[in-house]
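Here is a walk through one structure, from the whole fold down to a few odd backbone spots. Have the model open beside you as you read.

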Amino acid sequence: MILTGDAVHGPLREEVEVCVVGSGAGGAVVAAELAERGREVLVLEEGGHHPTEGFSARPLEMMGRLYRDRGMTCTLGTPGIPVPLGRCVGGTTTVNSGTCFRVPPRVLSKWSKDHGLADLDEAALAPLYERVEARIEVRSAPVATLSANASFVARGAEALGWRHRPLLRNIHECRGTGVCAFGCPRGAKQSMLVSYIPRALAHGARLHANCRVERLRVEAGRALGVEGTVLDPETDRPRFPFSVRARALVLSAGTVHSPVLLARSGLAGGSRELGRNLRIHPALKVSALVAERVTAWAGVPQGYCVEEFADEGILMEEAFTPPEVGCIALPYLGHRHRALMERYDHVVNFAALVSDSSTGRVWPTPGGRGVMTYRLNRADHEALVRTLRLLARLCFAGGAERVFLPMLGMPELASPDDLSRLEAARPRPGDLELAAFHPMGTCRMGADPRRSVVDPRLRVHGVRGLWVVDASVFPSSLSVNPQLTIMAMATRASGDIHEALGG
Ligand SMILES: Cc1cc2nc3c(=O)[nH]c(=O)nc-3n(C[C@H](O)[C@H](O)[C@H](O)COP(=O)(O)OP(=O)(O)OC[C@H]3O[C@@H](n4cnc5c(N)ncnc54)[C@H](O)[C@@H]3O)c2cc1C
């Protein structure tokens with residue numbers, strides 16, 4: 001059963017076996033796995049419950065409903081980088097692009113060496129991935145659902161001899177509606193909203209939406225529960241206080257809010273790593289004009305990838321956006337911008353993320369929010385500049401007439417001859433327009449409590465009955481989209497929590 005804030009008519013007081021904070025990739029999986037094992041589970045979600053039937057496919061309207069701060073969350077630093085977050089039942093999976101990857105073995109080897117995570121190897125993860133992949137129906141994007149943008153990318157990659165393929169996606173009867181990032185109006189994308197959350201509820205779990213957790217209660221080193229505020233679903237104003245007592249507490253509020261909640265509760269400060277080690281996979285996108293009419297927004301927005309540079313930490317993926325949001329990726333003002341927008345049905349684009357070694361930090365603010373700071377280091381800046389050049393080459397190889405760069409001082413390349421201008425350019429970090437979609441690392445896991453926030457089994461060091469299960473636990477960049485790995489880790493943690501609770 002889902003209870004929303006408007007159905008609450010006084011202070012709430014609950015007692016449950018397991019309390020899960022957050023209903024995204026981490027929280028929803030834990031809730032379902034434990035409910036299936038017969039545990040009494042309550043999920044608390046700050047955002048609202050927006051069922052699929054209400055999804056309008058209108059990007060700006062849906063951003064207001066499903067994203068935190070209407071999608072305007074960003075890092076402070078040079079450059080400031082937008083890092084949008086979901087805030088609704090299903091968390092960021094409700095608004096993500098549906099791309100699925102397993103973590104590359106080279107990343108796991110590094111975790112083992114640097115963070116004492118020897119148990120987390122390919123063999124240990126394989127059955128966990130298999131279970132998740134079956135449950136969210138991971139498959140290759142069917143060719144019929146791909147957009148003309150994918151064909152353009154494939155043509156360019158083929159001409160250059162680069163490895164390319166359709167992406168794996170969590171989908172059921174996808175028709176390529178083109179608005180994955182604004183709530184799939186067909187319920188085809190198997191986000192937590194339509195997969196693990198219904199599974200949890202069917203096994204007796206309860207979910208309270210519009211419930212913002214503000215503090216964790218811990219006494220004598222044992223987690224006892226949480227306290228917070230029920231919000232009005234329309235206005236977000238506080239309505240009533242609530243408190244929940246639980247035998248096991250699972251923090252799955254995501255990379256920005258899990259560390260904030262721990263810090264506000266005076267917990268996990270011992271290592272001084274709480275809130276630090278923020279990684280985000282900084283990404284950039286190049287657009288281009290082609291002669292033929294492509295209407296690239298018809299079809300899956302992120303259905304194709306180029307893996308040629310994946311081993312050096314550059315993963316190229318489609319990320320097409322409909323006109324009302326895509327307009328900000330095109331340069332110029334006034335009639336020049338308008339002229340480009342009038343030809344948006346001839347626009348294609350391609351994006352790439354970089355596996356970052358730069359670090360940022362989440363800071364708790366007095367109002368209980370999290371603010372991200374992030375500073376690009378030289379290696380990542382150089383990787384991004386290289387990425388920009390590669391993307392521009394690919395666009396011309398695919399037949400682009402003009403290529404538009406997310407770079408101050410060089411908005412456009414008018415022909416392939418201009419690639420040499422880009423090769424010679426030395427943009428500074430503040431010259432690049434970046435975005436990022438995969439915050440992680442602020443409660444990192446590790447064997448050494450002096451260097452990590454949670455142990456290799458995701459238990460908060462020094463606190464009994466408290467787990468962190470979300471993207472915040474990754475001790476480095478994953479170098480691929482993270483949702484599948486978060487869900488695999490959550491599957492493993494669920495078994496541990498069940499065992500810890502005993503018979
Ligand atoms: C536009 C976009 C596209 C993306 N595309 C992909 C993709 O294709 N593939 C992929 O693998 N990844 C993708 N991602 C990233 C992926 O969705 C996230 O990494 C993943 O959902 C993170 O899971 P999580 O459990 O850590 O947090 P989330 O899924 O963000 O869930 C955290 C939940 O906790 C809630 N919460 C926070 N604070 C509180 C509180 N105090 N009290 C109660 N609840 C709280 C939040 O409202 C939220 O619902 C994308 C992200 C974005 C923004």
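Into which domains is the protein divided? This is a predicted model, and the assignment gives two pieces, neither of them one unbroken stretch of chain. Domain 1 is made of 2–49, 88–96, 101–105, 116–135, 191–276 and 459–501. Domain 2 takes 141–180 together with 280–431.

**The whole protein**

Taken as a whole, the protein has 12 helices and 20 strands. Its radius of gyration is 22 Å, close to the 23 Å that the globule rule gives for 503 residues, so the protein is as compact as a globular protein of that length. Laid along its principal axes, the C-alpha trace spans about 70 × 45 × 40 Å. Of the 503 residues, 54% count as buried. Sequence-distant pairs feature heavily in the contacts: among those between residues at least 6 apart in sequence, 74% join residues at least 24 apart.

**Where the domains meet**

Back to the two domains. Their C-alpha centres lie 32 Å apart, and 12 residues of domain 1 are in contact with 13 residues of domain 2. Which element gives the most to the domain 1 side? That would be helix 7, with 6 residues. By class, the side of domain 1 that touches domain 2 has 5 nonpolar, 4 polar and 3 charged residues.

**Around the ligand**

Helix 7 turns up again at the ligand, where it gives the most to the surrounding shell, with 4 residues. In total, 41 residues surround the ligand, and the closest are Gly22, Gly24, Gly91, Asp470 and Gln483. Besides helix 7 (254–264), the elements that give two or more residues to this shell are helix 1 (25–36), strand 9 (211–219) and helix 12 (483–501). How does the shell split by class? It has 22 polar, 14 nonpolar and 5 charged residues.

**Two helices from the shell**

Helix 1 and helix 12 are worth a look of their own. At 1.5 Å a residue, the 12 residues of helix 1 should span 16 Å, and the 17 Å between its end C-alpha atoms agrees with that. Helix 12 has 19 residues and reaches 27 Å from first C-alpha to last, close to the 27 Å expected.

Is helix 1 mostly covered or mostly open? Mostly covered: 11 of its 12 residues are buried. Among them are Gly26, Gly27, Val29, Val30, Glu33 and Leu34, along with several alanines, including Ala25, Ala28 and Ala31. The buried residues pack against strand 2 (12–21), strand 3 (41–44), helix 6 (196–202), strand 11 (238–251) and helix 12. So the two helices that share the ligand shell also pack together through the buried residues of helix 1.

Both helices are followed by a glycine with positive phi: Gly38 after helix 1, near 90 degrees, and Gly502 after helix 12, near 70 degrees.

**Odd backbone spots**

Most residues other than glycine have a negative phi, and most peptide bonds are trans. Against that background, three places in this model stand out, and the table collects them.

| Site | Backbone feature | Where |
|---|---|---|
| Thr78 and Pro79 | cis peptide bond, omega about -5 degrees | Pro79: loop between strand 4 (75–76) and helix 3 (105–115) |
| Glu173 | positive phi, about 55 degrees | loop between strand 7 (168–170) and helix 6 |
| Asp236 | positive phi, about 70 degrees | loop between strand 10 (222–231) and strand 11 |

Are Glu173 and Asp236 buried or exposed? Glu173 has 10 C-beta neighbours inside 10 Å, so Glu173 counts as exposed. Asp236 has 14 such neighbours, so Asp236 counts as partly exposed.

**One more loop**

Leu408 sits in the loop between strand 18 (402–404) and strand 19 (412–413). Because 14 other C-beta atoms lie within 10 Å, Leu408 is partly exposed. How far from Pro427 is Leu408 in space? The two are 7.9 Å apart, C-alpha to C-alpha, with their positions 19 residues apart in sequence.

Conventions: Residues are numbered from 1 along each chain as its sequence is written. This is a predicted model: local features need pLDDT of at least 70, side-chain atom pairs count only at pLDDT 80 or more; totals for chains, interfaces and linings use all residues. A residue is near a molecule or strand if its C-beta atom, placed from the backbone, lies within 6 Å of it. Ala, Val, Leu, Ile, Met, Phe, Trp, Tyr, Cys and Pro count as nonpolar, Asp, Glu, Lys and Arg as charged, and the others, Gly among them, as polar. The radius of gyration is taken over C-alpha atoms; the globule rule is 2.2 Å times the number of residues to the power 0.38. A residue is buried if 20 or more other C-beta atoms lie within 10 Å of its own, exposed if 12 or fewer, and partly exposed in between; C-beta atoms are placed from the backbone. Two residues are in contact if their C-beta atoms, placed from the backbone, lie within 7 Å. The expected span of a helix is 1.5 Å times one less than its number of residues. Domain bounds come from an automatic or database domain assignment.
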